[in-house]
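Please take a moment with the sequence and the model below, and then follow the account from an enclosed space to a charged pair and on to a helix.

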Amino acid sequence: MINGHSHHARGVAALAGASAFIATSNVVFGGVVQTVPPFVLALLTFTVAAAIFGVANRGPQPSMNGPAWRAVVGLNLASAGVFVLLYTGLEYLEPALASALQTGASPVFGLLLAGLVGRHWSRSRREWVSAATIIVGSVLLGWVSASGNSGFQAPDRFGTLLGLLAVLGSGLCMALLTWFARRLVDLGWSNRHILAHRNYATIVGCGLLSLTVPVDWGAVGDQAWLIVAFGAVGLALPLGLLQAGVRHAAPFVVLAMTNCNPVLTYLIQLFDPRVSPSPYTLVGIAVVFIGVIAAVTPSGGNRDSAPEASTVDTPESAR
């Protein structure tokens with residue numbers, strides 16, 4: 001069992017760094033998907049990231065036994081869902097609002113998965129209070145978007161609903177992704193091995209989906225430098241930091257810590273001409289952010305300060 005506040009601090013620091021990069025990329029990608037379909041954007045950026053991870057993954061490879069195969073398949077499907085659904089939501093929602101709903105939903109789904117799959121409902125009071133606060137903030141943000149009070153107006157109500165469902169689905173996939181990544185850590189996989197094998201479904205799926213949508217390849221070419229740059233800096237780097245957070249912090253802390261993203265996204269999107277500042281969005285984000293404080297603050301001797309012990313029959317070990 002990984003123990004000690006040093007591991008917790010290391011994980012939180014890695015997650016904070018990932019949040020800064022993800023917040024920036026959310027705003028930039030929110031602008032890019034106005035001219036480049038999200039499936040095409042995901043295909044191109046993940047291809048860049050996969051090339052980087054492939055080059056880094058040298059040396060002996062881990063065993064691909066039955067449990068590892070199942071975890072890798074689950075990791076790939078969850079990873080594809082996280083980013084494709086988030087990119088879809090960013091096409092219709094204010095970036096900070098989409099980020100808050102996605103990251104707010106993930107720790108709540110994480111607790112539900114722990115209970116439903118592992119029958120492990122006995123969580124700490126702090127986790128349940130954090131989850132309840134995040135739910136309140138997420139509901140408020142849903143209302144902000146549906147009522148037209150956000151800083152970015154979707155073309156119609158259907159677009160708003162589609163965006164809301166997409167980012168909530170992305171939050172569910174984020175909880176599953178954390179689960180499967182933690183499972184591979186427990187099976188002895190290193191960070192570079194996990195990162196090198198997590199993007200197959202995203203690339204193949206987005207490649208197939210990109211064939212079903214009209215693409216202005218001239219617009220893609222105009223944005224090519226930005227797509228390549230953010231494939232490397234806005235995707236590969238934060239994915240590496242997130243994986244470090246999964247290794248060193250408890251799963252609920254990993255999911256809750258991502259709620260730093262909306263605050264940073266709100267500040268960064270002030271420079272985006274598509275978005276006008278919305279005080280309603282800021283209030284919703286503040287409520288969601290309060291929920292993360294209790295989750296990431298370690299308390300003496302409690303189990304949340306580090307990942308749970310490695311076992312094969314509990315959801316904590318599978319994350």
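The lining of the second largest cavity in this predicted model is made up, by class, of 8 nonpolar, 2 polar and 1 charged residues. The residues that line this cavity are Phe-83, Met-174, Leu-177, Thr-178, Ala-181, Arg-198, Leu-239, Leu-242, Gln-243, Val-246 and Val-254. Two elements, α6 (157-186) and α10 (224-248), each give two or more residues to that lining. The space in the second largest cavity comes to about 100 Å³, and the model has 2 cavities of 30 Å³ or more.

Helix α6 also holds a charged pair, Asp-186 and Arg-182. Side chains of opposite charge can pair when their charged atoms come close. Asp-186 and Arg-182 form a salt bridge in which the closest N and O atoms are 3.2 Å apart, and the count for the model comes to 1 salt bridge. Because Asp-186 and Arg-182 are 4 residues apart in helix α6, about one helical turn separates them. Are these two residues, Asp-186 and Arg-182, buried or exposed? Both Asp-186 and Arg-182 are buried.

Helix α2, which covers residues 38-56, allows a check of length: with 19 residues at 1.5 Å a residue, the helix should span 27 Å, and its end C-alpha atoms are 27 Å apart, so the two values agree. Within α2, the buried residues are Pro-38, Phe-39, Val-40, Leu-41, Ala-42, Leu-43, Thr-45, Phe-46, Ala-49 and Phe-53.

Note on methods. Residues are numbered from 1 along each chain as its sequence is written. This is a predicted model: local features need pLDDT of at least 70, side-chain atom pairs count only at pLDDT 80 or more; totals for chains, interfaces and linings use all residues. Side-chain values use heavy atoms; hydrogens and water are left out. On a 1 Å grid over the protein atoms alone, a cavity is a set of points where a 1.4 Å probe fits but cannot get out, and a pocket is an open set with protein on both sides within 12 Å along at least five of seven lines; lining residues have an atom within 4 Å of a point. Grid points are joined across faces, edges and corners, and a volume is the space filled by probe spheres set on the points. Ala, Val, Leu, Ile, Met, Phe, Trp, Tyr, Cys and Pro count as nonpolar, Asp, Glu, Lys and Arg as charged, and the others, Gly among them, as polar. A salt bridge is a side-chain nitrogen of Lys or Arg within 4 Å of a carboxyl oxygen of Asp or Glu. Buried means under 20% relative accessible area, exposed over 50%, partly exposed in between (1.4 Å probe, protein chains only). The expected span of a helix is 1.5 Å times one less than its number of residues.
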